[in-house]
Structure formats: structure tokens, C-alpha cells
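Biologist: I am new to this structure and would like to go through it with you slowly, asking at each step what stands behind the words you use.

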Amino acid sequence: MDYQQHFVNALERLKGEARYRSFARIERKAGAFPTATWHRPEGPRDIVVWCSNDYLGMGQHPDVVRAMVETAQATGVGAGGTRNISGTSRAVVELETELADLHGKDAALVFTSGYVSNQTGISTIARLMPGCVILSDALNHNSMIEGVRQSGAEKLIFRHNDLAHLEELLQGIAPERPKLIVFESVYSMDGDVSPIGAICDLAERYGAMTYLDEVHAVGMYGARGGGIAERDGVMGRVDVIEGTLGKAFGVLGGYVAGSTEVVDAIRGYAPGFIFTTALPPPVAAAASASVRHLKRSTAEREAQARQVARTKAALADAGIPVLPGTTHIVPVIVGDAARCKAASDRLLEKHGIYIQPINYPTVPRGTERLRITPTPCHDDRLIAQLTRALVETWSALGLRLEAARAAAE
């Protein structure tokens, strides 16, 4: 049996579909974001990163860096094991207190990543409610899909942001059965927003529990960075809010926030929490510093919103096919996997601009795209540079430019 051939064949399939993922060696520069160094075979080159999920540049904020360094010097760099074995560090307890306060909830529980918090949070909640039916938005993230699958619960998929379809499915479930609606606030590939308040209306009408993923919204929306639910004034109506520390907060980790009972039950039953090494104290301290800063500072959110609007306007005026939206995510549609990768490669090699191609299965075939995420650190000069590079790339690859669109779109 030639076992290796199975893997050779699998890799050839990926390459044949232009879905083989290549990773550029990118080294971030503290204090110089979004500039980075690309370590290529020919030697290092300075580039500009336009696709980072460090949405506000908090990964280089002096307060965040200082908190990590000082805690590492005081406690060491590791957690020493799971919280059940090694105990809970003060830094993690303080972080959970900050997160519960951020979302106006009784308690919060920190995980090693946003993926793990979704996967183990959803599966554990559903398993603890015998007979539970999960209603999941069709465009939910893979981490949520895996959480639903691992729960073993019956699942019903409602069309993306389709309230009528969600209500139709709720009507078909026996009133006495537990129901869990799982959905996101900002969908990361299209940048559209869910009608959180209207979903909560349906949940209350049909006796369902709500689980909201705010990973692409925390830090950036709401008066204190609590997300879209805070911005829309419905945070108190959502039962469980899940978020990440690895995007707008610029560090690492994930979490869930909710009632004391729900959070404590997850803590006691979730394998993804019980059997995983705890978040190291320096990471937790850095995350707390970031959360605290963004609770009181609106400068980063305001600057990001300004630069996002300017980026969208510049690209639309140049005829670049930007998918309309109201959030910080700027999807530029290519519609073909091979040409999407070619555009990404040309931007990096010719223009020193790093934007990873987004292909299937992250997005449906035929909707391949470049996903641009402007930050407060992308100034007007960089926006102009990006626009020129995209126009040159579109022309060189024979991609279609669109008629200039109004920025209001």
C-alpha cells in the first residue's frame, strides 16, 4: 500500500482547482503597521499588508505590548497547563471580568481561539439541552458549523439573514423543544450585517435561545467596542455572545459571555476548555489592556471608519468591482480561482501589496475575491497606492473594470 500517494493525489486536486494555499513569509514590524517585511527567496522586501484582521492596529499599541512584556517578566510566558490542573491566573480572571463587562453579561469564559470558543461553546450548549434543535444561518463560519455538527443535535439551516425563512422553521418545531439560533453579526466575507433585533424578536416569540458570533465586530462597533449588538442597543436581549481577542483586540484567544449559569455549565462540560492548556498570563494581560483601551477610546474606531469609507470611494471611482456594504470589510470580486491568485501574486511581486486570495471553500465557487481590510494605519497615500496597483493589475490580467459608482453604495 502506497500511503503517500493518497496525499500526493489530494494535493494535486487542490493545485488543479487553483486552491493550493501558498504562505508568504511575512514579518510584522511593531510601530510600523501596516508595513511588513516579506522574506522572499531573492531577499527581504518591504511591503504593505492590506488584509490583516488586526483591524485597529492594536497588536502594536504601546499599552498592549507593555502589558504583555511586564507580565511575561513577572510570571513567565506559559500557563503551565489546563486551568483544571494548573489553576487560573489572575490575568485570565481579570480578562474574563473585562469581557463580561464589555457585553453587559454576568460572566465570560476565555478559550485559546475564537474557533475553539465557537466549536466547543455551541456543541456544549446544545448537548446540555436534550432534544435541542439548532437553527443556523446558511453563511455561518466553519467554527460554528463544526460546533453544530459536534453537538449531535438536529439542525435546520435558514437562508442567510432571511427572517421569514427562520420564522417558518421555528413554527415547525414543537413548542416544548429547546431551540438555539446561532448567527453572526458581521459576516466576514461579504461584510454584511445581521438583523440582530429582529432575530431576537423571533427568538422571544417562539421560545428560542440566541447565540451571536461578534468576532468581526468586537472592538469596532458600539460606544465601547461591544459590537453590533451594542451599537444596535440589543446586547441585553442576546443570550450568549461569542467573540475573539485575535482581531480588533490584536492579541489571541476567544471567549463566550452570558449568564453565570450558562458560562459555568460550559466551563464544567466543554472538552475544548477542560482539556486545553490555558491562555498564557502575558497574552491575557495584553488582551485586557486592549479591551480596556477600546472601551474608553473612540479614536481608533473613528479613524478606521474614515479610512474604510475613503478606500471604498477610491476603488469605486476607479471602477474596481467592490461588493457594496456598510462595514469595514471591502471585498473585491474576481470570480475565478486562478485569476484571483494571479491578481494576489501580481500585487505582491510587482507592487509590494499583500492581499491573500479568498477561494472555495471559504466562499462559493464563482465568487472568489480579494478581501481588503483598511485600518486606521492605512493613510490616504497608501489608499492611492492601492488603487493604482489594483487598476494596473486588473488591466494586466484582462479583468473587467466597472463604471464608477457613487460612494454611497
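Biologist: Before the details, what makes you call strand β4 (residues 107-111) mostly covered?

Modeller: This is a predicted model, in which local features need pLDDT of at least 70 and side-chain atom pairs count only at pLDDT 80 or more, while totals for chains, interfaces and linings use all residues. Residues are numbered from 1 along each chain as its sequence is written, and side-chain values use heavy atoms, with hydrogens and water left out. Buried means under 20% relative accessible area, with exposed over 50% and partly exposed in between (1.4 Å probe, protein chains only). In β4, 5 of its 5 residues are buried, and the strand is mostly covered. Strands here are DSSP runs of E with at least two residues, and helices are runs of H or I with at least four, numbered from the N terminus.

Biologist: How do you know which residues of β4 lie on each side?

Modeller: In a regular strand the side chains alternate between the two faces of the sheet. Ala 107, Leu 109 and Phe 111 are on one side of β4, Ala 108 and Val 110 are on the other, and all are buried.

Biologist: What makes β4 and strand β10 (residues 254-258) a pair?

Modeller: Two strands pair if DSSP finds at least two bridges between them, and 5 bridges join β4 to β10, the two running antiparallel. For Ala 108, the bridge partner in β10 is Ala 257.

Biologist: Why is Ser 117 called buried?

Modeller: Ser 117 has 0% relative accessibility, and therefore counts as buried. Its place is in helix α5 (residues 114-127), where 12 of the 14 residues are buried, so that α5 is largely enclosed by the rest of the structure.

Biologist: What is the span of α5 set against?

Modeller: The expected span of a helix is 1.5 Å times one less than its number of residues. With 14 residues, α5 reaches 20 Å from its first C-alpha to its last, close to the 20 Å expected.

Biologist: Why does Pro 331 count as buried?

Modeller: Pro 331, found in strand β11 (residues 330-333), counts as buried because its relative accessibility is 0%. Contact means heavy atoms within 4.5 Å, and, not counting residues up to four places away in sequence, Pro 331 touches several residues, including Met 189, Asp 190 and Arg 369. The C-alpha atoms of Pro 331 and Met 189 are separated by 6.9 Å, although the two residues are 142 residues apart along the chain.
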